[in-house]
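Grab a coffee and work through these short exercises with the structure open beside you. Try each task before you read the solution.

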Number of protein chains: 2
Amino acid sequence: MRSVTEHAAAVLDLVAPLPAVDVPPHAALGHVLAEDLRAAEALPRWDNSAMDGYAVRAADVATAEPSAPVVLRVVADLAAGSGAEPHVEPGTAARIMTGAPVPPGADAVVPVEHTDGGTTTVRVDRAPRPGAHVRRAGEDVAVGDLVLAAGTELGPTHVAAAASVNAGLLRVHRRPRVVVVSTGSELVPAGSPLRRGTIPDSNSVLLAAAAESAGADVLRVGAVTDDVDELGSTLRQHAATADLVLTSGGVSVGAYDVVKALLTAWGGVEFVAVAMQPGKPQGAGRLPGGTPVLCLPGNPVSAHVSFEVFVRPVLARLRGLDARGGDALARRTTRAVVDDGWRTPQGREQYMPVRLRDEDGVLHASRAARGGSGSHLVAGLAGSDALAVVPADVDVVEPGTTLRILRTDL
Amino acid sequence: MRSVTEHAAAVLDLVAPLPAVDVPPHAALGHVLAEDLRAAEALPRWDNSAMDGYAVRAADVATAEPSAPVVLRVVADLAAGSGAEPHVEPGTAARIMTGAPVPPGADAVVPVEHTDGGTTTVRVDRAPRPGAHVRRAGEDVAVGDLVLAAGTELGPTHVAAAASVNAGLLRVHRRPRVVVVSTGSELVPAGSPLRRGTIPDSNSVLLAAAAESAGADVLRVGAVTDDVDELGSTLRQHAATADLVLTSGGVSVGAYDVVKALLTAWGGVEFVAVAMQPGKPQGAGRLPGGTPVLCLPGNPVSAHVSFEVFVRPVLARLRGLDARGGDALARRTTRAVVDDGWRTPQGREQYMPVRLRDEDGVLHASRAARGGSGSHLVAGLAGSDALAVVPADVDVVEPGTTLRILRTDL
């Protein structure tokens, strides 16, 4: 049997980061930066006011206090956005709004609250330190500073930072296009009448939603029957436009395991037993034409675990998330104290759906469903927010043990 | 000054959960369930096989072992999806695939690995327990069981669970429609040439992306100048189609604080000072016609903090996330040990952008930017993934202190 680590490496080898495209900051949310973004301009670009008030020469008002105010002549009114550059001579001040460039001659800003708010003359009641309430040019970002590193998954603050340094376009990796096909003659679309032996197709719903959550554009083909010709024509139809094809079901030792039968005949896909529970039967390789395909087992919990352990890292690499050489899964991996214990199969790494509880910053995990990792309990899965990873050589997890945790809720 | 808690309550009072709509499970990702989903049918619906193998009468093969196998006649071949109901008489077996209903008469499944895989007769090499590898009808979900509770934010496992119980449509809250307007005559779209005094509009990019991340459909109007007529016509144009309008800038005491001027004249919006740093000037109320509007300060870090503290809970309520009466922010709130210390303003609750580090399940926080919570440091903000909350009565945060943390990366 192949270890989980070996299979994960084999599937990652099937893909490389997708080509870069240029998008404006307001359309870049969720994309991954393909190259470092460095500041082409300083931020702020000019010394500017941090307050609404008056730009003054600090020396003019060094003695100001409520009982002995200093009166200055107001020579300009600088709104935010004003391009004016009035010179502030001794004895004068410029009314100034937050963000407006500090005019030549002035070296401090007196907040409006410390004045009478005058428009022709202004009474200053308190002495500012030289430099008070002036944001210095380049104080946030200097020209050439790294603003965002290649490999950053762009969230709201990232796209805002890019806009703030006046980036018109960002070089990001194209989003992966994923085609999802589930197989099984027993499958009907959810909401259809069920007859004996048929069940709703939940795997294509699960995998499509998971891939979408993981940053892919998804085409959910839905379920095809256990018919080699039908599966073959479906895969041929969609493979050319996909960066990755996901199938579920048909990979085991059954007489009708159509995915295994077809793709073994086509060649290019390897079907292996992986030392894990659930999720043992796995297929991985390429379709004719070269599109990578991952063939997941059909039991819903197996499909879920397979997605989290194998598919998510593949999508992360396609998206460019490992550009920095780090572990793209790092943010999803943590440790937690197990509250309940259970027996586990020896010789296979176990992935147990658990519910996490944060107790003052310390994570606790308990099993999400009575049945544990039993691979058909899809409804119980909905109560889980992580997978607890039990090493292959463990056969009993004792309460209080600390286990590695793969979060599935992030 | 109004406390943060008081202002948060006042803004929440402006909204109620949006009406429910029906969507199929495959289109429900990210929506919030408006009513409990209970199972209309049991899951599994029939006793079915957990393995590829042979459905047998356990008593027939109770003595089977490799040195003394038992041979049975194969009377049927049950693929997944088969509706056949052959009776398994003593001395016979039915070939059965994973998921196929167990036929009448049979009470155990022998995995194919424990047989010779025959199709007319089969040699059974090991005795199964009665009930072995049979999934019992209703074992996962019984009719009437709660599958998903109202208020659940539907992730991949939730929509899959809904599909698995054959739900054709889910009753979910409509997504909020949010209009984002930033104000300031100094603002130009990112990527435009800058002249003295102009800066790129990053707030509309920030707030639109944040609202989208928080589950809203967003119309980003972008920046309008500090002109009462322009702002007025923009708001009138978009208010009718919005569930929430967000503005940034123009809420302070400056002479050009256009949002405050216009909405004070229109009435229905209250402008207040909130005891927090950053984010002190806030406006909240209704536009003519009744659309809720939140007026955030224009400094980018203030806008970010205001979104996380006030807007996100409002969006959560609109989406139906507080239907269960719980704190919609609970998942985002945790505690962390502060690695570096800093001085803070007394009398105002401080929100310090921090970077989190998970050390074996214990969270540590350190300041994201040299300048700390200085409200103009938008580029530094991009390095943060949470806000550390310092109570109003603290003036020095010592290293090693445990603080409440509002995650902004989830």
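**Exercise 1.** Which class does Glu35(B) fall into by relative accessibility: buried, partly exposed or exposed?

*Solution.* First, some ground rules: this is a predicted model, where local features need pLDDT of at least 70, side-chain atom pairs count only at pLDDT 80 or more, and totals for chains, interfaces and linings use all residues. Residues are numbered from 1 along each chain as its sequence is written, chains are lettered from A in the order in which they are written, and side-chain values use heavy atoms, leaving out hydrogens and water.

Next, get the cut-offs: buried is under 20% relative accessible area, exposed is over 50%, and partly exposed is in between (1.4 Å probe, protein chains only). Glu35(B) comes out at 42%, so call it partly exposed.

**Exercise 2.** Find the salt-bridge partner of Glu35(B) and say where the two residues sit.

*Solution.* Step one is the rule: a side-chain nitrogen of Lys or Arg has to lie within 4 Å of a carboxyl oxygen of Asp or Glu. Arg171(B) fits, with its closest N and O atoms 3.8 Å from those of Glu35(B). Step two is location: Arg171(B) is in strand 11 (residues 170-173) of chain B, while Glu35(B) is in the loop between strand 1 (20-23) and strand 2 (37-38), so the pair links parts of the chain 136 residues apart. Strands here are DSSP runs of E, at least two residues, and helices are runs of H or I, at least four, both numbered from the N terminus. Finally, Arg171(B) is partly exposed too, at 32%.

**Exercise 3.** Compare the burial of the two partners Arg45(B) and Glu41(B).

*Solution.* Their side chains meet in a salt bridge, N to O at 1.6 Å. Arg45(B) has 31% relative accessibility and counts as partly exposed. Glu41(B) has 18%, so this one is buried. Over in chain A, salt bridges with shared partners tie Asp22(A), Glu35(A) and Arg171(A) into one network. Over all chains, the structure holds 34 salt bridges.

**Exercise 4.** Where is helix 6 of chain A kinked, and how enclosed is this helix?

*Solution.* Start at Phe307(A), the centre of a kink of about 45° in helix 6 (residues 300-319). That bend is the angle between axes fitted to the seven residues ending at a residue and the seven starting there. Now check burial: 19 of the 20 residues of helix 6 are buried, so the rest of the structure largely encloses this helix. Just past the helix, Gly320(A) takes a positive phi of about 95°.
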